[in-house]
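Me: I would like to go through this model label by label, with each value set against the cut-off that earns it the name. Please take the terms one at a time and state the criterion where it is first needed.

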Amino acid sequence: MALPLSFMPRFLSRRVDADPHRAAYDRGNYAVAFAGWMTEARTGNPEACFRVGQMYARGHGVMRHGPDALVWYGKAAAAGYADAQYELGLALLNAAPQSTEVALAWYTASSELHATAASQNRSVLFPTGVVHDADPREAFRWMEAAAKNGKADAQANLGFMLFQGVGCSVDHAAAREWFEAAAAQGHVRGELGLGMIHHRGHGVPIDRAMAADYYRKAAAKEDQTAMVALGIMLLQGEGIPQDKLEAIDLLIRSAEMGDVRAAHQLGLLHLSGDGVVQSSTKAESLFRQAGKKGYLPAMLSLGEFYSRGDGVEPNLQEAAHWYRRAAEAGDAQAQFTLGRLHARGEGVPQVMPEAVKWFTRAAEQGHVTAQFNVATFLVRGEGTEQNLGEAIAWYAKAADQGMTQAQVQLGKMYLHGEGVDRNPAKASSLFGKAAVAGDAEAKTALAMLHISGEGASLDPERSKALLREAADAGHAPAMVQLGRINMASDGSEERKEAIALFTSAAEAGDIDAKFVLGQIRLNGHGVDKNEQKAALWFQQAAEAGHVSAQFQLAVMYCTSQGVAEDFAAAVLWYEQAARRGHKFAQFNLAIMLLKGQGAPRNEAEAIGWLQRSSQHGVAEAQLCLADLYRNGEGTPVDMAEARRLYGLAAANGNAAAAQRLAQLDAMAERPVIVASARRGDS
């Protein structure tokens, strides 16, 4: 429970009714009062020094000026004047209320016009300075002096300073002593402090009943914090008999006095209908009442309220507004949520740099999912420049907090050497941590390392056990890997289990499993050969983007395997696979375009695909492209390029290319015969 450490300054309790300056002050004749007290203050009168300090602090009869207030408070405090010691402690604790807005505005404006003159004038007009900084340690010293002089306000405030470690080390035992001293004088904040001490067991055993007694004493004096604390204890029956009626009455009274915590708590009760009439409208109104005053939990509740649409239509724009306010107030969860809204374009424009900005702010506060998201954006270069080094650092932070997804991603980067030196052993360690936590993807990755013996011991049995654990957890890639291991076995039972694993993975949507099932049905491995069923599995995998399945399905449409011959469909699937870099699909597509099969003849486009396939080392593509350059089909004759391509194809083992290259060499060696005819020759 965060509590304010400052109280409203008040005049000295040891009032002197005969003081003529005080009489002038009470009449509002501040100039006369100030002149009189200043005359006495210059003689060293402690009370007069205190009064002058207060008038500087309040701007009564003189320009409001914090540094001058501190000077006069200090004179009275040094003379042992308790009220001055207390006010000096407050002024040093909270610099803002004692700042000099007018003086500071004057100095800032004049400095812009003439810095030297402004500085000279400042030294004359404000010899003690324009503003003063807070000094919690010095504040503690003077607050302690006032407390020892018996001032109850100071005793209570000193208790809270010790309770929270402001200007000193946390000392709950000392805080309790000062709270007790203040409470003995009937001070409401002393009673509140004792309630907190016993409620949470700070330096004493937890005693909720005693805490409630102290809260009740403070609540009877209209202390809003005590009213809310007691109300919540009564609401929950926390250490005392539950009494929702009294709890709600306390919360209502406190909310009417402007307490944001009470308003928020009442909003939650109206939202759920707990002890009050269920009313989304009333809940919204109370949340807004607290949210507009900057109460962070209320801002978050408003964000959730409008996101979910509790009893009203969801309003993501309004939700984003309140999440933004909470995010700007520094709440990590709100920053993460706002980042997610920008990433998805929900309630706000989809702006990836904004998403990265807010994820980063949350990540810097230790929000683990935000750390993971920032790393992912850095890897993709989305919303920010790609930076694998920074991505690794953020993944590491999330991994250190035990996030298994981060451990797995970081492990993959170490395994493949992405943004860091390749280190299979480090990858294995990260996969191992995530696997111990039960992450199925980590178990699968670790199993593959045990199969290869890279970064982990060569241990087929351990690998199989890990894959089975992951498969039993429903992880489709593990099912596929375990199925492949079983499929390689000679045993019929193992093959039967493999097919069952592939089927389960395929039904879960795994496209690799669908492709494997297509191969199994096409080739009759462990099952009856069935080209129609094979085509169905290839079709599903192809539609999901599996490039090898797209190529295989195109072949089947060309050869009438399991499907009716359909060159147009073949061209469609070859093109999809070709665009994703499948080198043989690129070659086959080129041939169909050259022949005009399934699509209009297009030599230029065909040559483009042949060039791509040729660059991937497909000898047949190199041979075909060389023939086109040699014969000038769809392109100008280019014997040099034809010779180069024949050479590449021959080097790749293509006999026809070697033969054509030899023919070109032979032609180059033949003598050139020039036939000429003279006029008159027959």
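Me: What makes E454 and R422 a salt bridge?

Reply: The term requires a side-chain nitrogen of Lys or Arg within 4 Å of a carboxyl oxygen of Asp or Glu. The side chains of E454 and R422 come to 2.7 Å, N to O, and this value therefore satisfies the 4 Å limit. The pair links distant parts of the chain, since E454 sits in the loop between α25 (440–452) and α26 (460–472), while R422 sits in the loop between α23 (404–416) and α24 (424–436), 32 residues apart. Helices here are DSSP runs of H or I with at least four residues, strands are runs of E with at least two, and both are numbered from the N terminus.

Me: On what basis are such values accepted?

Reply: This is a predicted model, in which residues are numbered from 1 along each chain as its sequence is written, local features need pLDDT of at least 70, side-chain atom pairs count only at pLDDT 80 or more, and totals for chains, interfaces and linings use all residues. Side-chain values use heavy atoms, with hydrogens and water left out.

Me: Why does R422 count as partly exposed?

Reply: A residue is buried under 20% relative accessible area, exposed over 50%, and partly exposed in between, with a 1.4 Å probe and protein chains only. R422 has 45% relative accessibility, and its partner E454 has a relative accessible area of 30%, so both fall into the middle class.

Me: What does the salt bridge of K244 and D274 tie together?

Reply: The side chains of K244 and D274 meet at 2.4 Å, N to O. K244 lies in helix α14 (residues 244–256) and D274 in the loop between α15 (260–272) and α16 (280–291), so the pair ties together parts 30 residues apart in sequence. K244, at 29% relative accessibility, is partly exposed, and D274, at 27%, is partly exposed as well. In total the structure holds 28 salt bridges.

Me: How far apart are E641 and R644 along helix α36?

Reply: E641 and R644 are three residues apart in helix α36 (residues 639–651), which means a separation of about one helical turn. An α-helix has 3.6 residues a turn, so residues three or four places apart point the same way. The closest N and O atoms of this salt bridge are 2.6 Å apart. Elsewhere, R200, R208 and E238 are joined into one network by salt bridges that share partners.

Me: How do you know that the buried residues of α26 are on the same side?

Reply: In α26, S463, L466, L467, A470 and A471 are buried. The arc is taken from the directions that run from the helix axis to the C-beta atoms, and these residues cover only 135° of it, which puts them on the same side of α26. The face turned away from that side carries the exposed residues E461 and D472. The buried residues of α26 pack against α25 and α27 (476–487), where contact means heavy atoms within 4.5 Å.

Me: What span is expected for α26?

Reply: The expected span is 1.5 Å times one less than the number of residues. α26 has 13 residues and reaches 18 Å from its first C-alpha to its last, close to the 18 Å expected. Just after α26, G474 takes a positive phi of about 90°.

Me: What makes α9 mostly covered?

Reply: In α9 (residues 152–164), 12 of the 13 residues are buried, including D153, Q155 and N157. Its buried residues pack against α5 (82–93), α8 (136–148), α10 (172–184) and α11 (188–200). Just after α9, G165 takes a positive phi of about 70°.

Me: Which residues have the most contacts inside the largest nonpolar core?

Reply: A nonpolar core is a set of buried Ala, Val, Leu, Ile, Met, Phe, Trp, Tyr and Cys residues joined through side-chain atoms within 4.5 Å. The largest has 82 residues, and V52, L162, Y215 and L230 have the most contacts inside it. Helix α13 (residues 224–236) gives the most to this core, with eight residues. Leaving aside neighbours within four places in sequence, L230 is in contact with A212, Y215, R216, A219, I240 and L250. Apart from this core lies another, of 60 residues, among them W394, A427, A447 and L501.
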